[in-house]
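Colleague: Could you take me through one part of this model in detail? I would like to see how the two chains meet, with some background on the chains themselves.

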Amino acid sequence: MKKHLKPLLLLIFLFLIIAAPITAKVKPKRKKPIVIGMSAALTGASKNLGKDLYIGSKIVFDEVNRLGGVHGRKLKLKILDDRYNPLPAVKNTVSFVEKDDVDLLYCFMGTPTVTRVLPLLKRYQEKNIYLFFPFTGAQPQRVPPYNQFAFNLRASYLQETKGLVSQFIKIKRKRIAVFYQSDAYGRSGWSGVKKGLADYGRSIIAEASYVRGAGFDQSFKEAAEYLLKQKPDAIISIGSYQACAGLIREMRDLGWDGLIANISFVGSESLLGLLVKYGKKVGKDYTKNIINSQVVPSYEDTSLPAVREYRKLMARNKSKRYSYVSFEGFLNAKTLVAILDQSGKWFNKSALPQVVSSIKEYDIGIKDLISFGSPDKNALGKVYYTTVKNNKFVPIKSWSKWKK
Amino acid sequence: MKMSKLIRQMLGISVGIFIFIVISISIFFSWTLYTNIMLEYQNKGISVAQSIADSGVDLILNRDESTIQSLVNQYYKNINGVAYIAVRNSKRELISHTFVPYPPEELSEFHEPIINKRFSESMTIQFINVKNMGKVLDISAPILAGEVGFVHVGMDTRPILSVIYKTIGKTLLIILLIFIFSVIMNYIFMRRIAKPLQALTEYADKLAKHTFDAPLEIQKDIKLLVEVSKNEISNLANAFINLEDQLILYIKNLQETTSAKEKMESELNIARSIQMSMLPKLMKKIPGYEMYGYLSPAKEVGGDFYDYYLLKKRNSIYFAIGDVSGKGVPAALFMAMTMMLLNSLARQIDSPSAVITEVNRELCERNEHSLFVTLFFGVLDLRTGMIEYCNAGHLPPYLVSDKGQVEELALTDGMALGVDPDFEYETKTAELSKNTTVFVYSDGVTEAENSAREQFGHELLEKVLKDNSKLNPKDLCEKVFTDINSFAEEVPQFDDISILALRKNI
């Protein structure tokens, strides 16, 4: 035996010398961060939404990084302002891919912006650039040909508007008017209301629009009077918090106190903030009979683990931006982290679609389970209805008081 | 002020031309610009509509409304001049548009007939007035012959008008600036003309009042003008200066000539008085006889003469009348010579024919200019009353009796003096009766003309003599002369008139 020890040691020694560099190559680089590109409105009329989404996402990624990252890789969130306009969003996307060499795109804000960015995803197909959980309920990234490049968590506007229409019809409010933003977002919501009413053999009785970027201080009187002429039972608004608050003000000032509904993108807290402030100024309550549909549960419901974690992280970051939107950002981020975690140590961008579609009935802490994989369903795909109580949007328990 | 009138006229014309240019350019420009820009807008709208119609097929059939809306917004935002874009589906419902807050009613009504056509191949392009948008060029294009839907593109014409106004405004401003500039240049140039013109006018005024003894002060300034500019003005100025200088010279000449003439005239007057003083003085009374002579030269001095002289030692009077060819100074000088010769030779030579012959010879020697003189020479014997006479080419005298008989003395066949130096003259005799006058005259009497160019003639002369036969020589001569004058009327005396009358009273 001793006779063979020397050559054996030599062999092991040689093996180690040769193997080390080889094994070193095969091992993944643990220290390179996962770069995440996010384009949203940080300035302009819808800046609150961008800021809310950002803070909601950031608290998650910071926490993950604090705990060592995903499989040792830190998450680097890079955000660029697009002012809620399509051209800057396109420029940001190009910059993310070509300059920053992002691994994925995340939580882009808005319908007109995302709709224009989608063809770029096809363009960057070879680089396997995917868009995760854009903050828009519009159809373009949910249907072919672009749905293969995007993953959606939230319910679509179609679901929100159809849901609202169903609820209104149930309480006998059949004359429904639409107030919408004159662009792809507004048109998307409008389309949803139209389809929803068509299911009941009805159509929109009046519609009026406004230009994207309009401020609360602007007059929406002409639109309001036009809608009023048709004597609606309810108005569904597909707009920004500034314009929707403006419409509510006009309708109430014209003496109409019917139901006005807004969808999730409006930014409920920002809407409420404007109405309360103005109401205080003129001594009037503008917060009655407002119903907002949401795509995430209430961030006040501390029975939900995700809510508790959200509130904990928000407090730790000393942020006051408690809102449905920032909670949605939180949930988006948590889901992304789960997906990245699932991707394993050897994170491969081209494998992402498979990883995502493998996530079924997953619990992110809101009791409702999320399931990816169905092409026509959104992973969360649930609509929640809220109304104002004590200057807060709370879940609706009963619709009976609005029965016509 | 003459200058401002010129400038006012220039300004008036300039403004007139400017206004005409402005109006015609404005009209032409606006019309051209409008039609061209409108065409461009139309083409732009057509290409937008066509583009949306083409991509709309796939979008409407396969995609959702928000994608169409996104496309519509893209075109609406990026292309200027688009007032609206609207897309309809196969059911003609508006599925995407840019109307805020809602589509105008007049537009929906306007589109009705277009979109309800069963199979539409082509675009419909028409103007429509929309509230809050003004005049819009609507371009409605079918998508897949209307089977998939329709697209409406509205082109806003208001920018066209503002472009036109801006362009015309700029153009008019440029024209105005050019106009102002040209007025200023015109003004400066006019002044450059007007000033010398004014100077020339002043010069002309001064010339009118000029005495032309020396060039005017202002001529120096005008000369400067000529040096400054080389154009029609300087030519005019030169002409003026020339005029003045010529006038000065001319007037100087005129003055010299006038004073020479005056000198000459005064000399002629002296010559006249010399000539008149050569005539015989009034003869002292010779018992039984009366003589009177009268001479009226046509000019200051004349070629006629008369003479008489008492030849004491022979108891006779010679009397003569002569008519030198021509008039004026040459005739007068020849006359003087003839008279002196006659006077001197008549006193020395007894024979009248010898006298005349010798006078003739002497005259011919001194006659470079070939003058001649007709002469009547008579010698009256005071005792006998017989006249021996010689007529050298002269008109025969009349014998006038106091009974009114008038008859001519016979000629002596003599030619005028100064022609043939060797001519021998002969005499004849005649008797001077009691109360008979011998009336000698020159052809100035008979050839005196009136305004009808009739001559006094022998008949009238004989009549006058006949009627006044009783008068004494002085009265007779004066009467004849008066009659000649009244006959001649206004016509000035053409030829010298000389008359000589000699009367025998006993």
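**Where the chains meet, and what lies around**

Modeller: Happy to, and I will begin with a strand pair in chain B before moving on to the contact. In this predicted model, 8 bridges join β7(B) to strand β8 (residues 316-324) of chain B, and the two strands run antiparallel. Within that pair, Y306(B) stands opposite I321(B) in β8(B). The hairpin that the two strands form has 4 residues between them, and there N315(B) takes a positive phi near 55°. Strand β7 of chain B, residues 304-311, is mostly covered, with 6 of its 8 residues buried.

That hairpin belongs to a chain with 11 helices and 15 strands. Of the 506 residues in chain B, 47% are buried. The contacts in chain B also reach far along the sequence: among those between residues at least 6 apart, 67% join residues at least 24 apart.

Now to the part you asked about. The contact takes 20 residues from chain B and 26 residues from chain A. The size of an interface is often given as the accessible area lost when the parts come together. Here the area buried between chain B and chain A is about 1,800 Å², and carbon and sulfur atoms give 50% of that area.

As for polar links, 9 residue pairs are in polar contact between chain B and chain A, counting pairs with both residues at pLDDT 80 or more. The rule for salt bridges finds 1 across the interface. In that salt bridge E93(B) is paired with K194(A), and their closest N and O atoms are 3.4 Å apart. On the side of chain B that touches chain A, the elements that give two or more residues are α2 (65-78) and β2 (94-97). The largest share of that side comes from α2(B), which gives 8 residues.

Finally, a helix from the partner chain. Helix α5 of chain A (residues 157-170) has 14 residues, so at 1.5 Å a residue it should span 20 Å; its end C-alpha atoms are 19 Å apart, which agrees. Many of its residues are listed as buried, including Y157(A), E160(A), T161(A), L164(A) and F168(A). An α-helix has 3.6 residues a turn, so residues three or four places apart point the same way. You can look for that spacing in the buried set, which also includes G163(A), V165(A), Q167(A) and I169(A). Just after α5(A), K172(A) takes a positive phi of about 65°.

Technical notes. Residues are numbered from 1 along each chain as its sequence is written. Chains are lettered from A and ligands numbered from 1 in the order in which they are written. This is a predicted model: local features need pLDDT of at least 70, side-chain atom pairs count only at pLDDT 80 or more; totals for chains, interfaces and linings use all residues. Side-chain values use heavy atoms; hydrogens and water are left out. Buried means under 20% relative accessible area, exposed over 50%, partly exposed in between (1.4 Å probe, protein chains only). Two strands pair if DSSP finds at least two bridges between them. The expected span of a helix is 1.5 Å times one less than its number of residues. Contact means heavy atoms within 4.5 Å. Buried area is the accessible area (1.4 Å probe) that two parts lose on being put together, summed over both. A salt bridge is a side-chain nitrogen of Lys or Arg within 4 Å of a carboxyl oxygen of Asp or Glu. A polar contact is a pair of N or O atoms within 3.5 Å; within protein, one must be able to donate a hydrogen and the other to accept it, and residues adjacent in sequence count only if both atoms are side-chain atoms.
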